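Student: Hey, can we go through this structure together? I'd like to start with the ligand.
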Amino acid sequence: MTPPPTLAEVRAEAFRRLAHGVADRRSAFHTPALATLGPDGAPAIRTLVLRGFDPGTRTLALHTDRRSGKWAELAAEPRAALHAYDAAAQVQLRLSGRAALHAGDAVAAAAWAGSGPGSRLSYGIAPAPGTPVPEPPPAPREAEGGGEAHFAVILLRFDRMEWLHLHHAGHRRARFHWRPEGLEETWLVP
Ligand SMILES: Cc1cc2nc3c(=O)[nH]c(=O)nc-3n(C[C@H](O)[C@H](O)[C@H](O)COP(=O)(O)O)c2cc1C
């Protein structure tokens, strides 16, 4: 029987899965769920596409519309959590940290330049996402334009990561906490 992985190996695998989630749209980690806190303290959660991951700074990149609810929530409370579950691998990842918001700056401009026409389209939609309307609006068309003004990047730098691997020889759960003094890592009872 293969021995259980070390914490360092688990950490490396989690980072590999995040990088893979960016690169492979079929990966379960390509569409994690982002949780924020609303102004009344209630949680809100939704699916987003994972657009980037910098392992050196533990920073995830996500794209959104600056008129969205999540944007206002993160502007008021930058603490956020991200969840992903790969059912085939039976691996759950839970991350939490702080979000930095980028709109109308160099970070947003670079991300916009790297976005395809299909991704850009939805940012030109009017009225703003989340506005009540009497019926579902038609799909946005190329001509609408103006999307860049609404396009925004969320950079979520996580300092906590929890890994859960459902395993026939015993589930494996590990927690990593990057503190200013250094990394604290431990196995947890699953
Ligand atoms: C598969 C999938 C991918 C999505 N990707 C994004 C995304 O990258 N950015 C985004 O803002 N919303 C994305 N959404 C829509 C969000 O889940 C959400 O409905 C929307 O952003 C409004 O959220 P809010 O009102 O909490 O801001 C995606 C939804 C699905 C189902």
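**Around the ligand**

Tutor: Sure. This is a predicted model. In it, a backbone N or O atom of G69 sits 3.3 Å from an oxygen atom of the ligand.

Student: How much of the ligand's accessible area does the protein cover?

Tutor: On its own the ligand has 620 Å² of accessible area, and the protein covers 53% of that.

Student: Which elements give two or more residues to the shell around the ligand?

Tutor: Those are β2 (43–47), β4 (59–65) and α2 (69–76).

Student: And which residues surround the ligand?

Tutor: They are T31, R46, T47, L48, V49, H63, T64, S68, G69 and K70. By type, the shell has two nonpolar, six polar and two charged residues.

Student: What does the backbone of H63 do there?

Tutor: A polar backbone atom of H63 is 2.8 Å from a nitrogen atom of the ligand. For V49, a backbone N or O atom lies 3.1 Å from a ligand oxygen atom.

Student: New topic: what's the phi of R58?

Tutor: About 55 degrees, so positive, although R58 is not a glycine. Most residues other than glycine have a negative phi.

Student: Is R58 buried or exposed?

Tutor: Buried, because its relative accessible area is 12%, and the cut-off is under 20%. R58 lies in the loop between β3 (50–54) and β4.

Student: Where is Q90 found?

Tutor: In the loop between β5 (79–86) and β6 (91–103). Q90 also has a positive phi, near 60 degrees, and at 36% relative accessibility it counts as partly exposed.

Student: Last one: what's the peptide bond from A126 to P127 like?

Tutor: That bond is cis, with omega near -5 degrees. P127 is in the loop between α4 (117–121) and β7 (151–165).

How values were computed. Residues numbered from 1 in each chain as written. Predicted model: local features only at pLDDT ≥ 70, side-chain atom pairs only at ≥ 80, totals over all residues. Heavy atoms only, no water. Near = heavy atom within 4 Å. Polar contact = N/O pair within 3.5 Å; in protein donor to acceptor, adjacent residues only side chain to side chain. Areas by Shrake-Rupley, 256 points an atom, 1.4 Å probe, with all protein chains shown as cover. Helix = DSSP H or I, 4+ residues; strand = E, 2+ residues; numbered from the N terminus. Nonpolar A, V, L, I, M, F, W, Y, C, P; charged D, E, K, R; others polar. Buried < 20%, exposed > 50% of the residue type's maximum accessible area, 1.4 Å probe, protein only.
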